[in-house]
Amino acid sequence: MRAVIQRVTHASCTVDDQVSGQIEDGLLVLLGVEEEDSKEDLQWLGQKLVNLRIFSDEQGLMNKSVQDIQGNILLISQFTLFAQTKKGNRPSFIRAGKPDKAKPMYEEMGKYLSDLLAKEVQMGVFGADMKIDLRNDGPVTIIMNTKDKDNF
């Protein structure tokens, strides 16, 4: 799994002029799933997301997690995180998980994060043409890859 995590003051997802999810103060998480991903990858990343200390404490230092600030998460599926651009100018998405694998993993991540936070995680719509609106706070943007845990 790959994730792009953004600390936001606001984020929303709209599909066909309908808001599918929106948050204030928290994390916008763009999540990509590949075929080899497992429940262990999901649990590792989920724990990292809720415990990642990227929110400011009283001294302005990044010492608080989304859980500590009672923040929110907007989770968006994004297969393009597995784009391969080595050859030519048109990206290949061959490493991205097929929908029958990726959709259940995405939905399970949403449930897992909801359980960890003890509140509903807002979601995008898997496979839809989504419009994402956000205000990145900081800006703070972090990339994680469960296949390269030592470097992330």
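Student: How much space lies in the largest pocket?

Tutor: In this predicted model, the largest pocket holds about 370 Å³ of space. Three elements each give two or more residues to its lining: β2 (18–32), β5 (72–77) and α2 (99–117).

Student: Which residues lie nearest the centre of the largest pocket?

Tutor: They are S77, Q78, F79, T80 and G127, out of 22 lining residues. By character, the lining comprises 14 nonpolar, six polar and two charged residues.

Student: How should one read a salt bridge, and how many does the structure hold?

Tutor: Side chains of opposite charge can pair when their charged atoms come close. The structure holds seven salt bridges. In one of them, the side chains of K147 and D37 meet at 2.6 Å, N to O. K147 belongs to the segment after β7 (131–145) and D37 to the loop between β2 and α1 (39–51), so this pair links parts of the chain 110 residues apart.

Student: Are K147 and D37 buried or exposed?

Tutor: Buried means under 20% relative accessible area. D37 has 2%, so D37 is buried, whereas K147, at 39%, counts as partly exposed. D37 and K147 also join D41 in a network of salt bridges.

Student: Which parts does the pair of K39 and E108 tie together?

Tutor: K39 lies in helix α1 and E108 in helix α2, so their salt bridge ties together parts 69 residues apart in sequence. The closest N and O atoms of this pair are 2.9 Å apart. Both residues are partly exposed, K39 with a relative accessible area of 45% and E108 with 28%.

Definitions and conventions:
Residues numbered from 1 in each chain as written. Predicted model: local features only at pLDDT ≥ 70, side-chain atom pairs only at ≥ 80, totals over all residues. Heavy atoms only, no water. 1 Å grid on protein atoms, 1.4 Å probe; cavity = no way out; pocket = protein on both sides within 12 Å on 5 of 7 lines; lining within 4 Å. Points joined across faces, edges and corners; volume = space filled by probe spheres on them. Helix = DSSP H or I, 4+ residues; strand = E, 2+ residues; numbered from the N terminus. Nonpolar A, V, L, I, M, F, W, Y, C, P; charged D, E, K, R; others polar. Salt bridge = Lys/Arg side-chain N within 4 Å of Asp/Glu carboxyl O. Buried < 20%, exposed > 50% of the residue type's maximum accessible area, 1.4 Å probe, protein only.
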